Amino acid sequence: TSSKRTLRTLFRPASLPPPVISETSPSQKKLLAYHRDKKQQEMINQLLIDRALKVYYITMDETDQRDAAPPITELPSTRKKVRKPVKILSFQAEYLFLKKCVQSNPVVPIQEQWLRSVLTMVPQSLMEGRDRELLTEDLLKEVVRDYEISMQRCVLRRALVKPDIKELDKLEDEAPLPLLPLGLDFSSTWHNSYIKAKKEIMSNLHILHPTMKTLLDFGYTAFFNFLVVDFSSSRLKGPADCRSFKTDASLSCSKAEDEIMRTWYQRVFSHFTQSEALDGVQLDQLESFCNCVAVLMSNQVKELLQRSTEVFVKLFDPEDRSNLPLFKMDLTFDENRMEFYPSLEDLEEAILFVVDCIGQTLQNIQTVRAWLTGGTGTLDAELPAHTVQWAKSTLKKSIGYNLEGPKEHFKGYVESYGWLVDGTAEKRINRFIAEQPSFDEYT
């Protein structure tokens, strides 16, 4: 009946709240999908790592049990078989998956200043042309690609240890890493080698001894503005003949040697009369110390002679004739011949004589060891052979260039008046007289 109260009429039917429907924006959908994929990927990676570790520990436990257990006496059919190929394939799959994960990580990009440094090492001739920009772009792309590959390989080898499985070598096509040089020891630090080298220098070469610095100061003071031969002002004196030119060169070298022996040489040996000159030098080190002094003095003298030679050669530079020496030459006629006096060969010999004269200067300087022990040793102050060869070849070219004018002058005289002196005119006169010409023809 309608008035009957039942359980259904006492309680109203439960009504659920209306569902909340909200629209999701595309960016939120993308973020949720990325978050879900990331969570799933992390779960998969963790499961794969757990599985790889589980297989690894099971294999290790079986290996330990097989090594530690006593010999099995039961039937072969009851033994537990270990399926090695399956485990090797599992190791390969796990390693390749982890390798792919590591390689998918981004690497540190190459810096722009490194790329600019690469471009600075390209020759300028290759940077010019119509397709320069395209070639430069290809070069930089290749550098960036090689850099990224190298960084990925480095990160992979630092993060993963490659298992010792031969099948993996066939699957990977990477080239092996370069091997370290054999026979080289990189264990010692630079500080130890520096201390060792310093001790050898101080005990054998003596270049750090205060006496060497004093000798350097003596040489710099004596030779800074000094030349063995100086013909820079000879052009102002007017033309000179070859004989006087050679005489002036010999006198200049002799005076320079006397001055050097009176100043620099005396200062050097007066320094060795003092006790502090050999301070700290042991008796067994005296010979090596004197050899070091001799080498230093020889280098100073050689530098002086070489600089004097270079300055003399520069006087004959064809591009700069402001200091070119002037030579007096006569055009002579003797025995039906016209020629220069002195000859062009004599002029060249006189100029090259100066180079030889410079090389013969300061060749009998006594060494410190000979002075201390009463010996007869002398310094090695000879000009290097390549310096002498360069000086003479350069002077010969300059002399030939500067003598082109006198040669043309001589050629003009021969062409204009040579027939008067070589017998041609006399033959023409005799032939004319032999023909017995008439008076009008004589006229």
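**Close-up views of a predicted model**

Tyr-417 is placed in helix α15, and the structure in which it is shown here, as in every view below, is a predicted model.

**View 1. A nonpolar patch on the surface that includes Tyr-417.** Together with Leu-331, Tyr-413, Trp-419 and Leu-420, Tyr-417 forms a nonpolar surface patch whose members have a combined accessible area of about 480 Å². Helix α15, which spans residues 404–421, supplies the largest share of this patch, namely four residues.

**View 2. The packing of helix α9 with helix α10.** Helix α9 (residues 242–262) packs with helix α10 (residues 264–271) at an angle of about 25 degrees, and the axes of the two helices are 3 Å apart. Because angles under 35 degrees count as roughly parallel, α9 is described as roughly parallel to α10. On the α9 side the contact is made by Ile-260, Met-261 and Arg-262, while on the α10 side it is made by Trp-264, Tyr-265 and Gln-266. Sorted by class, the residues in this contact of α9 with α10 are four nonpolar, one polar and one charged.

**View 3. The surroundings of Lys-328 in the loop between α11 and β1.** Lys-328 lies in the loop that runs between helix α11 (286–314) and strand β1 (330–334). When its neighbours within four places in sequence are left aside, Lys-328 is in contact with Pro-239, Ala-240 and Asp-241, and also with Pro-342. Between Lys-328 and Tyr-341, which are 13 residues apart in sequence, the distance in space from C-alpha to C-alpha is 8.8 Å.

Methods
Residues are numbered from 1 along each chain as its sequence is written. This is a predicted model: local features need pLDDT of at least 70, side-chain atom pairs count only at pLDDT 80 or more; totals for chains, interfaces and linings use all residues. Side-chain values use heavy atoms; hydrogens and water are left out. Axes are lines fitted to C-alpha atoms, for helices over the stretch in contact, and angles run from 0 to 180 degrees between N-to-C directions. Angles under 35 degrees count as roughly parallel, over 145 as roughly antiparallel, 65 to 115 as roughly perpendicular and the rest as oblique. Contact means heavy atoms within 4.5 Å. Ala, Val, Leu, Ile, Met, Phe, Trp, Tyr, Cys and Pro count as nonpolar, Asp, Glu, Lys and Arg as charged, and the others, Gly among them, as polar. Patches are made of residues with over 30% relative accessible area and no salt bridge: like charges are joined within 9 Å, nonpolar side chains (Val, Leu, Ile, Met, Phe, Trp, Tyr) within 5 Å. Accessible areas come from the Shrake-Rupley method with a 1.4 Å probe; for residues, only the protein chains shown count as cover. A salt bridge is a side-chain nitrogen of Lys or Arg within 4 Å of a carboxyl oxygen of Asp or Glu.
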